[in-house]
Amino acid sequence: MIYEWQRVANDLERRIRAGEIPPGGRLENERELADVYSVSAGTVRRAVRELRERGLVGTLPAKGSYVIDPLPSADEPTS
């Protein structure tokens with residue numbers, strides 16, 4: 001079973017790795033992502049936390065979440 005937050009995180013990772021959201025690029029805000037994926041804001045928060053744990057994004061308070069630049073390779077282990 002895959003949780004909704006995992007589905008969202010996996011799709012955002014796919015978009016990041018495909019260059020749809022480039023290194024240094026800002027993710028849509030929680031409300032926008034919730035609308036795009038038809039999920040709650042809490043689900044989006046959990047998905048973005050997962051992306052931080054994967055080393056793909058960083059979050060700046062009151063600014064949003066941004067793709068890490070340079071982007072780690074897909075086979076690089078995360079800490």
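These are my notebook entries on what I looked up in this structure, which is a predicted model.

**Entry 1. Packing of α2 and α3**

I began with helix α2, residues 30-37, and helix α3, residues 41-53. Two packed helices are described by the angle between their axes and the distance between the axes. For α2 and α3, I noted an angle of about 105° and axes 9 Å apart. Angles of 65 to 115 degrees count as roughly perpendicular, and α2 and α3 are therefore roughly perpendicular to each other.

I then asked which residues of α2 meet which residues of α3. On the α2 side I listed Glu-30, Leu-33 and Ala-34. On the α3 side I listed Ala-41, Val-44 and Arg-45. Sorted by class, this contact of α2 with α3 has 4 nonpolar and 2 charged residues, and no polar ones.

**Entry 2. Ala-41**

I followed one of these residues, Ala-41, which has its place in helix α3. Leaving aside neighbours within four places in sequence, I found Ala-41 in contact with Glu-30 and Ala-34. Is Ala-41 buried, partly exposed or exposed? Its relative accessibility is 30%, so I recorded Ala-41 as partly exposed. I also looked up a separation along the chain: Ala-41 and Ala-74 are 33 residues apart in sequence, and their C-alpha atoms are separated by 27 Å.

**Entry 3. Thr-43 and Glu-50 in α3**

I stayed with helix α3, where Thr-43 is found. Thr-43 has a relative accessible area of 18%, and since buried means under 20%, I entered it as buried. The side chain of Thr-43 makes a polar contact of 3.1 Å with the side chain of Ser-40. Beyond neighbours within four places in sequence, Thr-43 is in contact with Glu-4 and Trp-5.

Glu-50 also lies in helix α3. I asked what Glu-50 touches, not counting residues up to four places away in sequence. The residues are Trp-5 and Ala-9. With a relative accessible area of 15%, Glu-50 is buried. I noted that Trp-5 appears among the contacts of Thr-43 and again among those of Glu-50.

**Entry 4. The aromatic pair**

Trp-5 led me to the aromatic rings. How many aromatic pairs does the structure hold? I recorded 1 aromatic pair. A pair of aromatic rings is described by the distance of the centres and the angle of the planes. Here the rings belong to Tyr-3 and Trp-5, with centres 6.4 Å apart and planes at 10°, so the pair is stacked. The relative accessible area of Tyr-3 is 45%, and I noted this residue as partly exposed.

**Entry 5. Asp-11 in α1**

I turned to helix α1, residues 4-17, in which Asp-11 is found. Asp-11 counts as partly exposed, its relative accessibility being 22%. I then looked up how Asp-11 stands to Tyr-37, 26 residues apart from it along the chain. The C-alpha atoms of Asp-11 and Tyr-37 are separated by 9.6 Å.

**Entry 6. Arg-31 in α2**

In helix α2 I examined Arg-31. Arg-31 counts as exposed, at 68% relative accessibility. Arg-31 and Pro-70 are 39 residues apart along the chain, and I recorded a separation of 27 Å between their C-alpha atoms.

**Entry 7. Backbone details**

Pro-70 lies in the segment after β2, residues 64-67. I checked the peptide bond that joins Asp-69 and Pro-70 and found it cis, with omega about 5°.

I next looked up positive phi values in residues other than glycine. Ser-38, which is not a glycine, has a positive phi of about 55°. Ser-38 is found in the loop between α2 and α3. Its relative accessible area is 66%, and exposed means over 50%, so I entered Ser-38 as exposed.

Ala-62 is another residue other than glycine with a positive phi, near 65°. Where does Ala-62 lie? Ala-62 is in the loop between β1, residues 57-60, and β2. I noted Ala-62 as exposed, with a relative accessible area of 89%.

Technical notes:
Residues are numbered from 1 along each chain as its sequence is written. This is a predicted model: local features need pLDDT of at least 70, side-chain atom pairs count only at pLDDT 80 or more; totals for chains, interfaces and linings use all residues. Side-chain values use heavy atoms; hydrogens and water are left out. Axes are lines fitted to C-alpha atoms, for helices over the stretch in contact, and angles run from 0 to 180 degrees between N-to-C directions. Helices (H or I, at least four residues) and strands (E, at least two) are DSSP runs, numbered from the N terminus. Angles under 35 degrees count as roughly parallel, over 145 as roughly antiparallel, 65 to 115 as roughly perpendicular and the rest as oblique. Contact means heavy atoms within 4.5 Å. Ala, Val, Leu, Ile, Met, Phe, Trp, Tyr, Cys and Pro count as nonpolar, Asp, Glu, Lys and Arg as charged, and the others, Gly among them, as polar. Buried means under 20% relative accessible area, exposed over 50%, partly exposed in between (1.4 Å probe, protein chains only). A polar contact is a pair of N or O atoms within 3.5 Å; within protein, one must be able to donate a hydrogen and the other to accept it, and residues adjacent in sequence count only if both atoms are side-chain atoms. Rings of Phe, Tyr and Trp (its six-membered ring) pair if their centres lie within 6.5 Å; planes under 30 degrees apart count as stacked, over 60 as edge-to-face and the rest as tilted.
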